[in-house]
Amino acid sequence: MTEPGWWILHVDMDQFIAAVEIRRRPELRGLPVVVGGSGDPQQARQVVATASYEAREYGVRSGMPLRTAYRKLPDAVYLPSDPATYEAASAEVMDTLRTFPVIVEVWGWDECFVGARTDDPERLAADLRAAVLAATGLTCSIGIGDNKTRAKLATGFAKPGPSQRAGDGGTYRLTAANWAEVMDHRPVRDLWGIGARMSQNLEELGLRTVADLAAADLETLQQRFGPRMGTWYLALGRGLGDTEVTDVPREPVSRSHEMTYPEDLSDPAEIQAKVRAMAVALTDEVVADDRWIQRVHVKVRFTSFYTPIKSRKLPAPTQDPEVVADAALTVLAKFEFRRPVRLLGVRAEFAPPPD
DNA sequence: ATTAGACGCGCCGGGTTT
DNA sequence: CAGGAAACCCGGCGCGTC
(Lines give C-alpha, C1' and ligand atoms only; values in the text may rest on other atoms or scores of the structure.)
Protein backbone atom coordinates (compact mmCIF):
# COMPACT_ATOMS: atom_id res chain seq x y z
CA MET A 1 0.00 0.00 0.00
CA THR A 2 2.67 2.52 0.94
CA GLU A 3 6.36 2.43 0.24
CA PRO A 4 8.50 1.60 3.22
CA GLY A 5 9.88 4.66 4.97
CA TRP A 6 6.90 6.82 3.92
CA TRP A 7 5.08 8.05 6.99
CA ILE A 8 2.08 10.21 7.65
CA LEU A 9 2.14 12.47 10.67
CA HIS A 10 -0.84 14.37 11.96
CA VAL A 11 0.10 17.58 13.73
CA ASP A 12 -2.52 19.06 16.02
CA MET A 13 -1.96 22.18 18.07
CA ASP A 14 -2.70 21.88 21.79
CA GLN A 15 -5.70 24.00 22.87
CA PHE A 16 -4.80 26.17 19.90
CA ILE A 17 -7.04 29.21 20.30
CA ALA A 18 -6.56 29.39 24.04
CA ALA A 19 -2.81 28.93 23.58
CA VAL A 20 -2.63 31.83 21.12
CA GLU A 21 -4.51 34.08 23.54
CA ILE A 22 -2.24 33.04 26.39
CA ARG A 23 0.81 33.66 24.24
CA ARG A 24 -0.06 37.33 23.86
CA ARG A 25 -1.15 37.66 27.48
CA PRO A 26 1.33 35.51 29.41
CA GLU A 27 -0.21 36.50 32.73
CA LEU A 28 -3.09 34.17 31.81
CA ARG A 29 -0.89 31.07 31.83
CA GLY A 30 -2.17 28.54 34.31
CA LEU A 31 -5.59 30.18 34.56
CA PRO A 32 -8.84 28.79 33.17
CA VAL A 33 -9.37 30.66 29.89
CA VAL A 34 -12.51 30.44 27.79
CA VAL A 35 -12.62 31.92 24.29
CA GLY A 36 -15.80 32.45 22.34
CA GLY A 37 -18.36 34.87 20.97
CA SER A 38 -18.04 38.47 22.03
CA GLY A 39 -16.30 37.49 25.23
CA ASP A 40 -19.29 38.38 27.39
CA PRO A 41 -20.20 35.09 29.06
CA GLN A 42 -23.62 36.32 30.11
CA GLN A 43 -24.75 37.16 26.62
CA ALA A 44 -27.11 34.59 25.13
CA ARG A 45 -26.65 32.60 21.92
CA GLN A 46 -22.90 32.29 21.98
CA VAL A 47 -20.79 29.18 22.34
CA VAL A 48 -17.32 28.28 23.58
CA ALA A 49 -14.74 28.13 20.79
CA THR A 50 -11.97 26.70 22.96
CA ALA A 51 -11.34 26.26 26.66
CA SER A 52 -7.86 25.98 28.14
CA TYR A 53 -7.01 22.71 29.86
CA GLU A 54 -7.54 24.38 33.23
CA ALA A 55 -11.10 25.31 32.20
CA ARG A 56 -11.75 21.85 30.76
CA GLU A 57 -11.13 20.37 34.16
CA TYR A 58 -14.31 22.10 35.26
CA GLY A 59 -16.27 20.53 32.43
CA VAL A 60 -16.12 23.46 30.02
CA ARG A 61 -16.05 22.18 26.43
CA SER A 62 -16.03 23.74 22.98
CA GLY A 63 -19.49 24.05 21.53
CA MET A 64 -21.02 24.53 24.94
CA PRO A 65 -23.22 27.59 25.43
CA LEU A 66 -21.11 30.35 26.90
CA ARG A 67 -23.67 30.92 29.63
CA THR A 68 -23.43 27.29 30.68
CA ALA A 69 -19.68 27.65 30.91
CA TYR A 70 -20.15 30.75 33.00
CA ARG A 71 -22.41 28.93 35.43
CA LYS A 72 -19.82 26.20 35.86
CA LEU A 73 -16.87 28.50 36.04
CA PRO A 74 -17.68 32.15 36.73
CA ASP A 75 -14.07 32.87 37.69
CA ALA A 76 -12.56 31.92 34.34
CA VAL A 77 -11.10 34.56 32.04
CA TYR A 78 -13.54 35.08 29.16
CA LEU A 79 -12.18 36.41 25.89
CA PRO A 80 -13.77 37.27 22.55
CA SER A 81 -12.93 35.20 19.52
CA ASP A 82 -10.35 36.88 17.24
CA PRO A 83 -10.19 34.83 14.02
CA ALA A 84 -7.65 37.04 12.23
CA THR A 85 -5.09 36.47 14.97
CA TYR A 86 -5.61 32.70 14.92
CA GLU A 87 -5.27 32.70 11.16
CA ALA A 88 -1.91 34.47 11.44
CA ALA A 89 -0.69 32.14 14.18
CA SER A 90 -1.74 29.17 12.08
CA ALA A 91 0.33 30.44 9.17
CA GLU A 92 3.35 30.76 11.46
CA VAL A 93 3.00 27.13 12.45
CA MET A 94 2.49 25.83 8.91
CA ASP A 95 5.42 27.88 7.61
CA THR A 96 7.63 26.40 10.30
CA LEU A 97 6.64 22.88 9.31
CA ARG A 98 7.36 23.69 5.67
CA THR A 99 11.01 24.41 6.48
CA PHE A 100 11.43 20.62 6.79
CA PRO A 101 11.79 18.37 3.75
CA VAL A 102 8.18 17.19 4.06
CA ILE A 103 4.79 17.72 2.43
CA VAL A 104 2.37 19.77 4.51
CA GLU A 105 -1.36 19.37 3.90
CA VAL A 106 -3.24 21.98 5.91
CA TRP A 107 -6.51 20.84 7.48
CA GLY A 108 -7.91 23.90 9.16
CA TRP A 109 -6.37 26.38 11.56
CA ASP A 110 -4.83 24.06 14.05
CA GLU A 111 -3.99 20.84 12.29
CA CYS A 112 -2.30 19.37 9.26
CA PHE A 113 -0.99 16.15 7.81
CA VAL A 114 2.71 15.86 7.14
CA GLY A 115 3.97 13.33 4.63
CA ALA A 116 7.61 12.40 5.04
CA ARG A 117 10.20 9.89 4.05
CA THR A 118 12.08 8.82 7.15
CA ASP A 119 13.26 5.78 9.02
CA ASP A 120 12.55 7.36 12.37
CA PRO A 121 9.16 9.06 12.45
CA GLU A 122 9.31 9.57 16.22
CA ARG A 123 12.51 11.48 15.79
CA LEU A 124 10.98 13.60 13.03
CA ALA A 125 7.94 14.28 15.21
CA ALA A 126 10.15 15.41 18.06
CA ASP A 127 12.06 17.70 15.70
CA LEU A 128 8.84 19.18 14.33
CA ARG A 129 7.48 19.81 17.80
CA ALA A 130 10.68 21.44 18.93
CA ALA A 131 10.82 23.66 15.85
CA VAL A 132 7.20 24.77 16.20
CA LEU A 133 7.71 25.56 19.86
CA ALA A 134 10.90 27.49 19.20
CA ALA A 135 9.40 29.48 16.33
CA THR A 136 5.95 30.16 17.72
CA GLY A 137 5.91 29.40 21.43
CA LEU A 138 3.06 26.97 20.81
CA THR A 139 2.95 23.26 21.56
CA CYS A 140 1.42 20.50 19.52
CA SER A 141 0.78 16.80 19.60
CA ILE A 142 1.71 14.49 16.75
CA GLY A 143 0.13 11.25 15.64
CA ILE A 144 2.19 8.90 13.51
CA GLY A 145 0.45 6.50 11.17
CA ASP A 146 0.64 4.45 8.00
CA ASN A 147 -2.39 6.35 6.69
CA LYS A 148 -4.37 9.47 7.53
CA THR A 149 -7.04 7.69 9.53
CA ARG A 150 -4.52 6.15 11.88
CA ALA A 151 -2.34 9.24 12.11
CA LYS A 152 -5.34 11.41 12.98
CA LEU A 153 -6.53 8.98 15.63
CA ALA A 154 -3.04 8.59 17.01
CA THR A 155 -2.94 12.29 17.78
CA GLY A 156 -5.74 11.81 20.26
CA PHE A 157 -3.58 9.34 22.17
CA ALA A 158 -0.65 11.73 22.00
CA LYS A 159 -2.61 14.55 23.60
CA PRO A 160 -1.78 15.52 27.14
CA GLY A 161 -4.09 13.72 29.55
CA PRO A 162 -5.69 15.11 32.69
CA SER A 163 -2.60 13.94 34.57
CA GLN A 164 -0.22 16.11 32.61
CA ARG A 165 -1.09 19.58 33.72
CA ALA A 166 1.51 21.33 31.63
CA GLY A 167 -0.55 20.86 28.48
CA ASP A 168 2.41 19.72 26.47
CA GLY A 169 1.49 16.97 24.06
CA GLY A 170 3.60 14.09 22.86
CA THR A 171 3.61 11.62 20.03
CA TYR A 172 1.92 8.29 19.45
CA ARG A 173 2.22 5.70 16.69
CA LEU A 174 -0.80 3.83 15.35
CA THR A 175 -0.37 1.43 12.44
CA ALA A 176 -1.68 -1.89 11.14
CA ALA A 177 0.62 -3.49 13.72
CA ASN A 178 -1.23 -2.18 16.79
CA TRP A 179 -4.58 -1.11 15.35
CA ALA A 180 -6.62 -4.02 16.68
CA GLU A 181 -4.93 -4.04 20.06
CA VAL A 182 -5.49 -0.32 20.58
CA MET A 183 -8.88 0.15 18.91
CA ASP A 184 -10.87 -3.09 18.97
CA HIS A 185 -12.53 -2.55 22.34
CA ARG A 186 -13.34 1.12 21.80
CA PRO A 187 -16.78 2.41 20.80
CA VAL A 188 -17.19 3.25 17.11
CA ARG A 189 -17.79 6.84 18.18
CA ASP A 190 -14.05 7.13 18.75
CA LEU A 191 -13.40 6.75 15.02
CA TRP A 192 -12.69 9.80 12.93
CA GLY A 193 -15.77 10.43 10.83
CA ILE A 194 -18.29 8.72 13.07
CA GLY A 195 -20.26 11.18 15.10
CA ALA A 196 -23.09 10.82 17.56
CA ARG A 197 -25.63 10.11 14.81
CA MET A 198 -23.76 7.37 12.96
CA SER A 199 -22.72 5.81 16.22
CA GLN A 200 -26.42 5.43 17.07
CA ASN A 201 -27.22 3.98 13.66
CA LEU A 202 -24.43 1.44 13.95
CA GLU A 203 -25.56 0.50 17.42
CA GLU A 204 -28.95 -0.36 15.96
CA LEU A 205 -27.18 -2.89 13.76
CA GLY A 206 -25.56 -4.33 16.87
CA LEU A 207 -22.24 -2.71 16.00
CA ARG A 208 -20.91 -1.08 19.14
CA THR A 209 -17.15 -1.47 19.07
CA VAL A 210 -14.49 -0.96 16.45
CA ALA A 211 -14.02 -4.73 16.35
CA ASP A 212 -17.74 -5.17 15.65
CA LEU A 213 -17.50 -2.73 12.76
CA ALA A 214 -14.34 -4.30 11.36
CA ALA A 215 -16.10 -7.68 11.25
CA ALA A 216 -19.42 -6.34 9.93
CA ASP A 217 -21.07 -7.55 6.76
CA LEU A 218 -20.40 -5.26 3.80
CA GLU A 219 -23.80 -5.81 2.16
CA THR A 220 -25.62 -4.98 5.38
CA LEU A 221 -23.70 -1.75 5.76
CA GLN A 222 -24.22 -0.80 2.14
CA GLN A 223 -27.91 -1.53 2.28
CA ARG A 224 -28.33 0.72 5.25
CA PHE A 225 -25.90 3.53 4.47
CA GLY A 226 -25.45 3.44 0.73
CA PRO A 227 -22.73 1.93 -1.45
CA ARG A 228 -20.06 4.47 -0.72
CA MET A 229 -20.59 5.08 2.96
CA GLY A 230 -21.07 1.38 3.67
CA THR A 231 -17.71 0.62 2.11
CA TRP A 232 -16.13 3.55 3.89
CA TYR A 233 -17.37 2.57 7.36
CA LEU A 234 -16.15 -0.98 7.05
CA ALA A 235 -12.73 0.31 6.02
CA LEU A 236 -12.79 2.72 8.93
CA GLY A 237 -13.35 -0.13 11.37
CA ARG A 238 -10.25 -1.78 10.00
CA GLY A 239 -8.20 1.39 10.25
CA LEU A 240 -7.79 1.72 6.50
CA GLY A 241 -7.57 5.15 4.93
CA ASP A 242 -6.01 7.59 2.53
CA THR A 243 -2.23 7.60 2.22
CA GLU A 244 -1.85 10.58 -0.09
CA VAL A 245 -0.56 13.86 1.27
CA THR A 246 -0.66 16.92 -0.96
CA ASP A 247 0.48 20.48 -0.46
CA VAL A 248 -1.75 21.76 -3.25
CA PRO A 249 -4.50 23.72 -1.51
CA ARG A 250 -8.01 22.80 -2.54
CA GLU A 251 -10.02 25.37 -4.44
CA PRO A 252 -12.97 26.39 -2.30
CA VAL A 253 -16.30 25.33 -3.74
CA SER A 254 -18.56 27.65 -1.80
CA ARG A 255 -18.61 30.46 0.67
CA SER A 256 -21.26 31.31 3.22
CA HIS A 257 -22.35 33.68 5.92
CA GLU A 258 -24.78 32.90 8.66
CA MET A 259 -25.79 34.72 11.76
CA THR A 260 -27.73 33.95 14.87
CA TYR A 261 -29.42 37.13 15.99
CA PRO A 262 -29.48 38.19 19.63
CA GLU A 263 -33.25 38.69 19.28
CA ASP A 264 -35.65 36.60 17.22
CA LEU A 265 -36.89 38.12 13.96
CA SER A 266 -40.56 38.09 13.07
CA ASP A 267 -41.05 41.01 10.70
CA PRO A 268 -40.91 39.70 7.10
CA ALA A 269 -39.55 42.99 5.81
CA GLU A 270 -36.75 42.86 8.33
CA ILE A 271 -35.94 39.24 7.48
CA GLN A 272 -35.82 40.09 3.80
CA ALA A 273 -33.59 43.08 4.45
CA LYS A 274 -31.15 40.94 6.44
CA VAL A 275 -30.98 38.28 3.75
CA ARG A 276 -30.49 40.86 1.05
CA ALA A 277 -27.66 42.57 2.94
CA MET A 278 -26.03 39.23 3.65
CA ALA A 279 -26.23 38.20 0.01
CA VAL A 280 -24.69 41.48 -1.15
CA ALA A 281 -21.84 41.30 1.36
CA LEU A 282 -21.17 37.68 0.45
CA THR A 283 -21.12 38.45 -3.26
CA ASP A 284 -18.65 41.28 -2.71
CA GLU A 285 -16.27 38.86 -1.02
CA VAL A 286 -16.67 36.25 -3.72
CA VAL A 287 -16.02 38.80 -6.44
CA ALA A 288 -12.96 40.06 -4.58
CA ASP A 289 -11.80 36.46 -4.80
CA ASP A 290 -12.46 36.48 -8.53
CA ARG A 291 -15.02 33.69 -8.43
CA TRP A 292 -18.44 33.41 -10.09
CA ILE A 293 -21.62 32.31 -8.34
CA GLN A 294 -23.73 29.53 -9.80
CA ARG A 295 -26.12 28.63 -7.02
CA VAL A 296 -27.56 30.32 -3.96
CA HIS A 297 -28.65 28.58 -0.75
CA VAL A 298 -30.66 30.17 2.03
CA LYS A 299 -30.76 28.76 5.53
CA VAL A 300 -33.36 29.62 8.14
CA ARG A 301 -33.35 28.45 11.72
CA PHE A 302 -36.64 28.91 13.54
CA THR A 303 -37.06 29.23 17.26
CA SER A 304 -37.96 25.53 17.31
CA PHE A 305 -34.43 24.91 15.99
CA TYR A 306 -35.88 23.41 12.83
CA THR A 307 -33.34 24.43 10.19
CA PRO A 308 -34.32 23.85 6.58
CA ILE A 309 -32.07 24.93 3.71
CA LYS A 310 -33.37 25.74 0.25
CA SER A 311 -31.50 26.68 -2.87
CA ARG A 312 -31.76 27.81 -6.44
CA LYS A 313 -29.48 27.51 -9.44
CA LEU A 314 -28.93 30.75 -11.29
CA PRO A 315 -29.67 30.85 -15.00
CA ALA A 316 -26.03 31.78 -15.54
CA PRO A 317 -22.98 32.33 -13.33
CA THR A 318 -22.90 35.87 -11.96
CA GLN A 319 -20.85 38.38 -10.02
CA ASP A 320 -23.71 40.84 -9.65
CA PRO A 321 -24.72 41.41 -6.01
CA GLU A 322 -28.23 42.37 -7.06
CA VAL A 323 -28.74 39.16 -9.00
CA VAL A 324 -27.56 37.12 -6.02
CA ALA A 325 -29.68 39.13 -3.61
CA ASP A 326 -32.77 38.71 -5.78
CA ALA A 327 -32.15 34.98 -6.02
CA ALA A 328 -31.75 34.77 -2.25
CA LEU A 329 -35.06 36.55 -1.75
CA THR A 330 -36.77 34.25 -4.22
CA VAL A 331 -35.48 31.26 -2.29
CA LEU A 332 -36.46 32.88 1.00
CA ALA A 333 -40.05 33.13 -0.27
CA LYS A 334 -40.18 29.31 -0.50
CA PHE A 335 -40.05 28.96 3.29
CA GLU A 336 -43.11 28.81 5.47
CA PHE A 337 -42.78 31.25 8.33
CA ARG A 338 -44.83 29.89 11.18
CA ARG A 339 -42.43 30.80 13.96
CA PRO A 340 -39.92 33.55 14.65
CA VAL A 341 -36.46 33.21 13.18
CA ARG A 342 -33.23 33.02 15.17
CA LEU A 343 -30.71 32.49 12.36
CA LEU A 344 -30.37 33.46 8.72
CA GLY A 345 -27.69 32.26 6.33
CA VAL A 346 -26.71 32.63 2.68
CA ARG A 347 -24.33 30.35 0.82
CA ALA A 348 -22.88 30.97 -2.61
CA GLU A 349 -21.81 27.95 -4.64
CA PHE A 350 -19.14 28.75 -7.19
CA ALA A 351 -19.13 28.04 -10.88
CA PRO A 352 -16.16 25.88 -11.84
CA PRO A 353 -13.23 28.09 -12.85
CA PRO A 354 -13.21 28.78 -16.63
CA ASP A 355 -9.68 27.36 -16.78
C1' DA B 1 -44.61 5.17 -34.79
C1' DT B 2 -45.79 4.27 -29.92
C1' DT B 3 -44.89 2.50 -25.51
C1' DA B 4 -42.31 0.74 -21.47
C1' DG B 5 -38.34 0.61 -19.22
C1' DA B 6 -33.41 1.34 -18.34
C1' DC B 7 -30.12 4.75 -17.66
C1' DG B 8 -27.61 8.95 -16.98
C1' DC B 9 -27.80 13.50 -15.30
C1' DG B 10 -29.08 17.80 -13.17
C1' DC B 11 -31.72 19.76 -9.53
C1' DC B 12 -33.02 20.04 -4.88
C1' DG B 13 -33.87 18.96 -0.06
C1' DG B 14 -31.90 16.74 3.72
C1' DG B 15 -28.39 14.47 6.74
C1' DT B 16 -23.80 14.07 8.96
C1' DT B 17 -19.29 15.32 10.35
C1' DT B 18 -15.40 18.28 11.51
C1' DC C 1 -29.53 25.79 26.12
C1' DA C 2 -27.87 25.00 21.37
C1' DG C 3 -21.99 29.61 16.77
C1' DG C 4 -19.98 29.64 12.03
C1' DA C 5 -18.03 27.52 7.90
C1' DA C 6 -17.28 23.96 4.61
C1' DA C 7 -17.39 19.38 2.58
C1' DC C 8 -19.41 15.10 1.27
C1' DC C 9 -23.10 11.82 0.57
C1' DC C 10 -27.80 10.13 -0.30
C1' DG C 11 -32.28 9.73 -2.28
C1' DG C 12 -36.26 11.42 -4.78
C1' DC C 13 -37.88 13.58 -8.81
C1' DG C 14 -38.14 15.14 -13.49
C1' DC C 15 -36.28 15.02 -18.02
C1' DG C 16 -34.14 13.49 -22.18
C1' DT C 17 -32.18 9.57 -24.71
C1' DC C 18 -31.73 5.04 -26.29
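## Leu 282 in helix 12

In this predicted model, Leu 282 of chain A has a relative accessibility of 0% and therefore counts as buried, since that word applies to values under 20%. The residue belongs to helix 12, which runs over residues 268-288.

Which residues is Leu 282 in contact with, once its neighbours within four places in sequence are left aside? They are Arg 255, Ser 256 and His 257 on the one hand, and Val 346, Arg 347 and Ala 348 on the other. Arg 347 stands 65 residues from Leu 282 along the chain, yet the C-alpha atoms of these two residues are separated by 8.0 Å.

## The chain as a whole

Chain A contains 13 helices and 12 strands, and its C-alpha atoms fill a box of roughly 65 × 55 × 45 Å when the box is taken along the principal axes. For a chain of 355 residues, a compact globule would have a radius of gyration near 20 Å, and the value of 23 Å found for chain A agrees with this. Of the contacts in chain A with a separation of 6 or more, 67% are between residues 24 or more positions apart.

Buried residues make up 45% of the 355 residues. The accessible surface comes to about 18,400 Å², and carbon and sulfur atoms account for 51% of that area. Chain A carries 43 positive and 49 negative charges, and the mean positions of these two sets are 5 Å apart.

## Two nonpolar cores

In soluble globular proteins, nonpolar side chains tend to be buried together. The largest nonpolar core of this model has 34 residues, and those that touch the most other members are Leu 9, Phe 16, Leu 97, Val 114, Leu 128 and Ile 142. Several elements each supply at least two residues of this core: the strands are strand 1 (6-13), strand 2 (33-35), strand 4 (77-79), strand 6 (111-117) and strand 7 (140-145), while the helices are helix 1 (16-24), helix 4 (83-98) and helix 5 (121-136). Apart from this core lies another, of 26 residues, which includes Met 278, Ala 328, Val 331 and Val 346.

Leu 97 gives a view of the surroundings of one core residue, for beyond its neighbours within four places in sequence Leu 97 is in contact with Val 11, Val 102, Val 104, Cys 112, Leu 128 and Val 132.

## Helix 1 and the loop before it

Is helix 1 largely enclosed by the rest of the structure or largely open? Seven of its nine residues are buried, so helix 1 is largely enclosed by the rest of the structure. The buried residues are Phe 16, Ile 17, Ala 18, Ala 19, Val 20, Glu 21 and Ile 22, and they pack against strand 1, strand 2, strand 3 (50-51), strand 4 and helix 4.

Gln 15 is found in the loop between strand 1 and helix 1. This residue is buried, with a relative accessible area of 14%, and its phi is near 35°, a positive value in a residue other than glycine. Phe 305 also has a positive phi, near 80°; this residue is found in the loop between strand 10 (293-302) and strand 11 (309-318), and at 46% relative accessibility Phe 305 counts as partly exposed.

## Strand 8 and the loops that follow

Thr 171 lies in strand 8, which covers residues 171-174, and with a relative accessibility of 32% Thr 171 counts as partly exposed. Its contacts, apart from neighbours within four places in sequence, are Glu 122, Ala 125, Arg 129, Ile 142, Ile 144 and Ala 158. Lys 299 is 128 residues from Thr 171 in sequence, and the two are 41 Å apart in space, C-alpha to C-alpha.

Thr 175 sits in the loop between strand 8 and helix 7 (179-183), and this residue is buried, with a relative accessible area of 11%. Leaving aside its neighbours within four places in sequence, Thr 175 is in contact with Trp 7, Asp 146 and Arg 150. His 185, by contrast, is exposed, with a relative accessible area of 54%, and its place is in the loop between helix 7 and helix 8 (196-204). From His 185 to Gly 37 the C-alpha distance is 38 Å, while their separation in sequence is 148 residues.

Notes:
Residues numbered from 1 in each chain as written. Chains lettered and ligands numbered in written order. Predicted model: local features only at pLDDT ≥ 70, side-chain atom pairs only at ≥ 80, totals over all residues. Heavy atoms only, no water. Helix = DSSP H or I, 4+ residues; strand = E, 2+ residues; numbered from the N terminus. Rg over C-alpha atoms; globule rule 2.2 N^0.38 Å. Buried < 20%, exposed > 50% of the residue type's maximum accessible area, 1.4 Å probe, protein only. Contact = heavy atoms within 4.5 Å. Areas by Shrake-Rupley, 256 points an atom, 1.4 Å probe, with all protein chains shown as cover. Lys, Arg positive; Asp, Glu negative; His and termini not counted. Charge placed at Lys NZ, Arg CZ, Asp CG, Glu CD. Core = buried A, V, L, I, M, F, W, Y, C linked by side-chain atoms within 4.5 Å.
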